[in-house]
Every structure is written in C-alpha cells, then in structure tokens.
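These are my notebook entries on one protein chain. I looked up how its interior is packed and how its strands and helices are arranged.

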Amino acid sequence: MKELMLGNKAFARGLYEAGCSVVSSYPGTPSTEITEEAAKYDEIYCEWAPNEKVAMEVAFGAAMAGKRSFCGMKHVGLNVAADPLYTASYTGVNAGMVIGVADDAGMHSSQNEQDSRHHAIASKVPMLEPSDSAEALEYTKLAFELSEKYDTPVIVKMCTRVSHCQSLVEKSERQEFSKPYERDIAKYVMMPGNAIKRHPFVEERTKKLIEYAETSGINRVETGGTDIGIITSSTSYLYAKEVFGESASVLKLGMVNPLPVKLILDFAKKVKKLYVIEELDPIIENHCKALGLEVTGKDVLPICGEFSQNLIAEKLGLPKKESCKFDEPLPMRPPAMCSGCPHRGVFYTLNKNKCTVIGDIGCYTLGAVAPLSAMHMTLCMGASVSGLHGFNKALGEEGEKKTVAVIGDSTFMHSGMTGLANIAYNQSNSTVIILDNSITGMTGHQQNPTTGYNIKGDPAGKIDLEALCRSMGFNRVRVEDPYDLKAMDRAVKEELAAPEPSVIISRRPCVLLKYVKTNAPFKVNEDKCRGCKSCMRLGCPSISFKDGKARVDNTLCTGCGVCKQLCAFDAFE
C-alpha cells in the first residue's frame, strides 16, 4: 500500500516496521516530527528527554537490554550527544540502535549549518543518507539490520528538504524484534583496560563496512552519458538528475560513511570528467582526491547554504530551468514574536533599562530584532547562564549591575541547570530570567519536564522551577507576569541591585497554546491617539501606524494589554 508521506513521517514508519520498541529524543527542527509521528504507534514507547545526551543514553540502554531503539535530534543536538556516541561506537550494541540527525543547510531554523558527516567519521560510526521519503523508510529499516550485523550504532542523516518534503512510500507490516540481554563486562564497561581492547574491533568493523559499501547496492551506479560522471548523495542527487537527466552517469551514495574506494575508482574510469555535488563540506570530494582522482566540486559549487537545480546548473555552466514567477515581488516577512507573546514585555523592560542581555536558543531569540533590540549574545543551548557568569566574572560589578541572562523553560531543563549550579557554586552576582511559557515553543509545542505532561499529553512528572532554583542555593527567586510591565520593571531593577545572585521566573503560557484563552482585541480611539508612537516600541505585529494614528489588527490582537500600559493618553480601549 502506497502513501504520500513527509520524510520524517516515513522515517517514523520505518521505526515502526522495523520493530523499534523505545524512542527517546529532544525536539529540534527539522527532526521533530520523526518522534511525534512515532508516538502515534502504541507499539513504540516514546518520550521527550531533557536533552540529546540523555536521549542517546536512553536509547543505548534500551538497545543493550535487547530492544531496538532510536534517538532523534537536529545537527547541533548531535554535538550535545557526542559524548555517549563516541563511546557507544566502542561498546557496540545488542539490539539495533539508530540515531536520526537532521542537518539544516541554509540555516532555516538553526544557529549554524554544520555537516554531521564529520561526527560519523570521527566516531567511526556508519551513516546512511536518504534522498526522499521512500529511502527514509527503507534506510531506517536497513540501519537496524546493519547495527546488529556490525555491532554498532548507525546514524541516518536527514536534511531539511528530505525531512519536510513528501514523496510516495510503500508501507508494510511491523516485524517485532527482541534479543535477550547478556551481561558482558568487557564489552560494556568502558574503563581503559576494556576500551583498549575494543578499539581494534572498531577499526576492523570499519574495514568490513567499507566492503559492504562497495557491493551492497546502497551505493549504486546509474549509467548515462560518459562525458560527465557525478558522485552525489541526498537531495543533491535529485537536483543533479533533474539538471543532467540521462546525459551524465551518476554514482548515488546512500552510505556516506564509510565511503567506498573501488566503486568510486571504477566509476571514475568510465567517465571523462568527474563532478562531486554535495551540500556543505567537501567530504566526498576530499575522499576522491585522497584516492588520486581529479574532480570538480567546491572550486565551483558553494560551501555555504543549500543547493537547488538552478544553482547547480548555473555554477556548472548549464542552462537554467524555467521557474515560477510572480507578477509582483513578494513582500518580506521577517520573523517576529507573535501578537500577545509573553516574552515581549520582558524584552521591552530590558531594553528600557538598557540591560546587556545574554540570550539563548528559542523563539525568544527574536528579542534581538528591532525595535526591541534587547539581546546581545546567542551561542548555543544553555550558554546564556554560563556566559552570564563568565561575563560578570570578567567585568565584576560593572557587569553585574546591568547584565542578565534570558533562557526558556525547556532550554533551562536542557542545559541551563548546570550553568545555574555554576553561578551558585562559584558565586557571581548574576541575575537569570527564566522565560517560562509552559511549553517548548520554537519547535512546535512539545512538552518538557516543567509542563507536567508527557509526549502523548498524559500527566507526567512536573519539575517545580522555583523549588529547583532554591535547592541550588538561590535565596532570591521570584515569579512575575510579563504582561505586567510595572511589576517586571520593578523586578529587574531590584534583582540587579541585590547583593546576591537571583532568578526571575517570567511566567505566562504561550499565547498559541490551545487551552490559553485570549481577551477581546483592543482598538484605538483615534480622538485620544496623539501619534506619539510609544506603542510601536513593542514591535507587536497587531499594531501599525497609518495617517498619523496607531491601528490595531483585530484578527491578530489577543488583548494582552501591554500596549495599553504604554499609552499615556489611554487611546487603547
């Protein structure tokens, strides 16, 4: 039976059909839907973990116990999970363990566009790379087989276009899988004496995987014209096929680590000119050059951003395809915090107080955008709290009296707690603001350990943020409503002036949550409006300015009332 599926949904279907039993992930665009779709199958236990390291360790434990397991994340999440990954490569597995990582070439929703193939190479773990939804399902099932055959975790690398585009998928039935757990200290206890013995196993495994890559068919030659030969993978394969058609021969790589040797050399002998088409880093290209081949790749194709059919055609000197054109240019729609976003009042207050704001990863990163312009650093998950401590240790009282960290509730649970423990332990007089909107907002409203619900929406353990912060040694912990600008202003001033570290919890649920009831929209009394534009400083998408007067779009306004607090003339009604 065939069905049109998103790549991520097809991946989840592959988990189901392969008999996967345990899934633990942390949401990260563009990987999130893999786990959300897997959670729809009652046969699979699914959970959101506090972070990717925890998720991978959960998956490892389940695989060791004899159940097929999966953990999913985006590319930067693999950095967080690198610690268990590199050692799991040594231990190997019992039942199959598959790691799903989604890269984001073009940085549609990411702070960098790193290439996850580097982690596969460095950890010496095999990596498969599907180019469409059908392969996402097929490769997921194959990954479990390879994991068990070669005693290794296996990474399946997705990307934004494969994750979020649809193609036809052939479905089949689930095959249950289980293996008995057997105690094996030499295999699973990675103290130095045991780890030394496992390293040669990893090197021998890599040789066997290279042999598999040469002959298995996952890397395949599609014979066309012999003037041009293309070595490629993932979506670049689809783009190349559309640009070149049958005029070129193609070596399509489904396994991108380890890469074959003889297969590539044999392919190169059959063509006059060799191109390597791959997004981001020249990993296949460098492999070919190490084999002594002359190839055209990053000397003409960009190392930054994602590819397209026309980009490849343009860079390789071929005619571009006709594309859809609009009669008028589309207006720019830069991202902005939603109307009624509870974070807006916090950033307005921080900007008003001329605070230096050390930020974090979440939809609140949009606090950096004009007119709020109230975030001055964003590095990675949890770095706001640790960075604030370092900033204040460097500047002393000069920093402590005007600098804050902002971090969301989910990000705080992910990796902010350890930074807060560092402030408590090493005593910088730092003020941390936890933006508690009661959900993981940026990736589409996933639950987290502070919400009290699990991935299926059932009641679950709920962490008390106030109690947690106090137990870490913070005497000054207060909760404020970000819609109340006076209260938020007072809290910021008092905590920055306090002689000890403090935490402000800005608590109001995301306005887009289904259970959140909004108020009637405001309107502007034009007789009272003086055109002072104070309300425009909020950057609220509901408010515009026309003919010298403020206007409210009542299809967007949620009635939060923050604008009313800024109007000295009481024009918002």
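Entry 1, nonpolar core. I worked from a predicted model. I looked up the largest nonpolar core and found that it has 59 residues. The members that touch the most other members are Phe 347, Leu 350, Phe 412, Val 432, Ile 433, Ile 434 and Phe 572. A second core, separate from this one, holds 40 residues, among them Cys 20, Cys 46, Tyr 150 and Val 162. I noted as background that nonpolar side chains tend to be buried together in soluble globular proteins.

Entry 2, Ile 433. Which residues does Ile 433 touch, not counting residues up to four places away in sequence? I listed Val 346, Leu 350, Val 404, Ala 405, Val 406, Ile 407, Val 492, Ile 504 and Ser 506.

Entry 3, the sheet. I traced five strands in an open sheet, ordered E14-E15-E16-E18-E17, with parallel pairing. Strand E14 (356-358) and strand E17 (476-480) form the edges, each pairing on one side only. On average, neighbouring strands are turned by 25 degrees against each other, direction ignored. I then examined E14 and strand E15 (residues 403-408), which pair in the parallel sense over three bridges. Thr 356 stands opposite Thr 403 in E15.

Entry 4, helices on the sheet. I recorded that helix H15 (residues 343-352) lies across E14, E15, strand E16 (431-436) and strand E18 (502-507). Helix H15 runs at about 155 degrees to E16. Helix H20 (residues 485-497) lies across E15, E16, E17 and E18 and runs at about 170 degrees to E17.

How values were computed: Residues are numbered from 1 along each chain as its sequence is written. This is a predicted model: local features need pLDDT of at least 70, side-chain atom pairs count only at pLDDT 80 or more; totals for chains, interfaces and linings use all residues. Side-chain values use heavy atoms; hydrogens and water are left out. Two strands pair if DSSP finds at least two bridges between them. Axes are lines fitted to C-alpha atoms, for helices over the stretch in contact, and angles run from 0 to 180 degrees between N-to-C directions. Contact means heavy atoms within 4.5 Å. A nonpolar core is a set of buried Ala, Val, Leu, Ile, Met, Phe, Trp, Tyr and Cys residues joined through side-chain atoms within 4.5 Å. Buried means under 20% relative accessible area, exposed over 50%, partly exposed in between (1.4 Å probe, protein chains only).
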